[in-house]
Amino acid sequence: MYEGGIAIFTHQVVQEDLQRIVGSKYIQWEALRNKSILITGANGMLARYMVYVLMHLNLRQDYNTKVIALVRNAQKATKSFKDFGNSDLFQLLVQDVSEPLQVAGEINYIIHAASNASPRFFLEDPVGIIRANTLGTMNVLELAKEKSVANVLYTSTREIYGSMPAGKTEIVELDFGAVNCKELRAAYPESKRLAETLFESYHHQHQVPYTIVRLAHAYGPGMEISQDGRVMADFISDVVNGRDITLKSDGSAERAFIYLSDAVAGIFTVLLNGCNGEAYNIANETEPMMIRDVAAELVRLFPNQKVVFDIPVEQSQVYSKVNRVTLNTHKLESLGWRCQVTLREGMKRTVASFMD
């Protein structure tokens, strides 16, 4: 049911996730009926699921929502969206978001999710990451201004908060710490920070409405598990490919992971329920866990594997050295959102989604 690690719309796990998301009664789904929405970076894990949610509403509830999916890789998109090729409500737009955007017809909403968050690309193409987050964002905002959209949502990251002062235990949306702009991986958080400033600037100068989500570590069906470099992706890759789960550190670092359906439900909550000009944290802080304990939990789920350590003498310069601080999600929860999927269930569902 998976083609090269790409989530297929008809997979049972995917369909169950979509039903859970659209079943979120607090989200004002009716605002999307008979509207048009552009999603950039639609080949990415989160954005692909957003497309699936909208097409699910079209196919199951006759929402008549036009979905425009902007991608760079047409071949990958053809696999991801093969179920919608004959639909008048789905349009594939193949281009780099860093180039000026020209989209015919009305656009009511935009979700700007075109950005590479893989540590591998921090090393291989930091300039490309900066281009997508700066020039790409300006192109999206120019289009939003031209089309007079109801809202344009930006998928930002918890990394914009940087390093918090000693003793800080929780981050709310008004907090900001330091980022060392001379570190190679700074290409990602620094350009994301500038993107958020661009949104506020277009809002102030051109009255472009916007909302922002700052996402924690998301995982789930369709995640890139081939040499991605992020912990959960590498662990899932080990399990799916029948390898022992390999830790590249002592595993003492703490992380909190959010399952894909919860993250996407949060994004649509902010798009449709959020306040104009506001940012919202999206995270699952109910189960913070050391990385080695995440690996051990996977072994309990899939006993054919074991945990092994392969710690390099010198750690890669693209991995974050910032100590994790809890993301406060009360602002998002005030809109009705709650996490529904436990870490154990989410990891089990993710692995199952890669199986026939």
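What follows is a short tutorial dialogue on reading pockets, buried residues and salt bridges in this predicted model.

Student: Let's start with the open spaces. What is the volume of the second largest pocket, and which residues line it?

Tutor: For a pocket, take the volume, then the lining. Here the second largest pocket has a volume of about 170 Å³. Its lining is made up of Glu-173, Leu-174, Phe-176, Glu-196, Glu-200, Tyr-210, Ile-212, Arg-214, Gly-277, Glu-278, Ala-279 and Lys-331. Two or more of these residues come from each of α6 (187–206), β7 (210–215) and β12 (278–282). The largest share, 3 residues, is from β7.

Student: How many of the lining residues in that pocket are nonpolar, polar or charged?

Tutor: The split is 5 nonpolar, 1 polar and 6 charged.

Student: And closed spaces? How many cavities of 30 Å³ or more does the structure hold?

Tutor: There is 1, and the volume of the largest cavity is about 30 Å³. Around it sit Arg-20, Ile-21, Ser-24, Tyr-26, Ser-261, Asp-262, Ala-265, Arg-338 and Gln-340. Helices α1 (12–22) and α8 (260–273) each supply at least two of the lining residues, and α8 gives the most, with 3. By class, that lining has 3 nonpolar, 3 polar and 3 charged residues.

Student: Since α1 came up, which of its residues are buried, and what do they pack against?

Tutor: Burial goes by relative accessible area, with under 20% counting as buried. In α1 that gives Val-13, Val-14, Gln-15, Asp-17, Leu-18, Ile-21 and Val-22. Those buried residues pack against α2 (45–61), β11, α8 and α11.

Student: How many residues of α7 are buried, and what covers them?

Tutor: Helix α7 (residues 231–240) is mostly covered, with 7 of its 10 residues buried. They are Met-232, Ala-233, Phe-235, Ile-236, Ser-237, Asp-238 and Val-239. The cover includes β8 (217–219), β9 (245–247), β11 (257–259), α9 (291–301) and α11 (343–353). Following α7 comes Gly-242, which has a positive phi, near 70°.

Student: Now charges. What is the nearest side chain of opposite charge to Lys-192?

Tutor: For a buried charge, look for a salt bridge and then for other contacts. Lys-192 sits in helix α6 and is buried without a salt bridge; Glu-196, the nearest side chain of opposite charge, is 7.9 Å away. Apart from neighbours within four places in sequence, Lys-192 contacts Ser-115, Asn-133, Tyr-154, Thr-155, Ser-156, Thr-157 and Ile-160.

Student: How many salt bridges are there by the rule used here?

Tutor: The count is 20. One of them joins the side chains of Arg-33 and Glu-30, at 2.9 Å from N to O. Arg-33 is partly exposed, at 25% relative accessible area.

Student: Which parts does the pair Arg-158 and Glu-285 tie together?

Tutor: Their side chains meet at 3.9 Å, N to O. Arg-158 is in the loop between β5 (151–157) and β6 (170–171), and Glu-285 is in the loop between β12 and β13 (289–290), so the bridge links parts 127 residues apart in sequence. Both partners are buried.

Student: Are Lys-248 and Asp-310 buried or partly exposed?

Tutor: Lys-248 is partly exposed at 47% relative accessible area, and Asp-310 is partly exposed too, at 42%. Their salt bridge spans 3.1 Å, N to O. Elsewhere, salt bridges with shared partners join Glu-16, Asp-17, Arg-20, Glu-345 and Arg-349 into one network.

Note on methods:
Residues are numbered from 1 along each chain as its sequence is written. This is a predicted model: local features need pLDDT of at least 70, side-chain atom pairs count only at pLDDT 80 or more; totals for chains, interfaces and linings use all residues. Side-chain values use heavy atoms; hydrogens and water are left out. On a 1 Å grid over the protein atoms alone, a cavity is a set of points where a 1.4 Å probe fits but cannot get out, and a pocket is an open set with protein on both sides within 12 Å along at least five of seven lines; lining residues have an atom within 4 Å of a point. Grid points are joined across faces, edges and corners, and a volume is the space filled by probe spheres set on the points. Helices (H or I, at least four residues) and strands (E, at least two) are DSSP runs, numbered from the N terminus. Ala, Val, Leu, Ile, Met, Phe, Trp, Tyr, Cys and Pro count as nonpolar, Asp, Glu, Lys and Arg as charged, and the others, Gly among them, as polar. Buried means under 20% relative accessible area, exposed over 50%, partly exposed in between (1.4 Å probe, protein chains only). Lys and Arg count as positive and Asp and Glu as negative; His and the chain ends are not counted. A salt bridge is a side-chain nitrogen of Lys or Arg within 4 Å of a carboxyl oxygen of Asp or Glu. Contact means heavy atoms within 4.5 Å.
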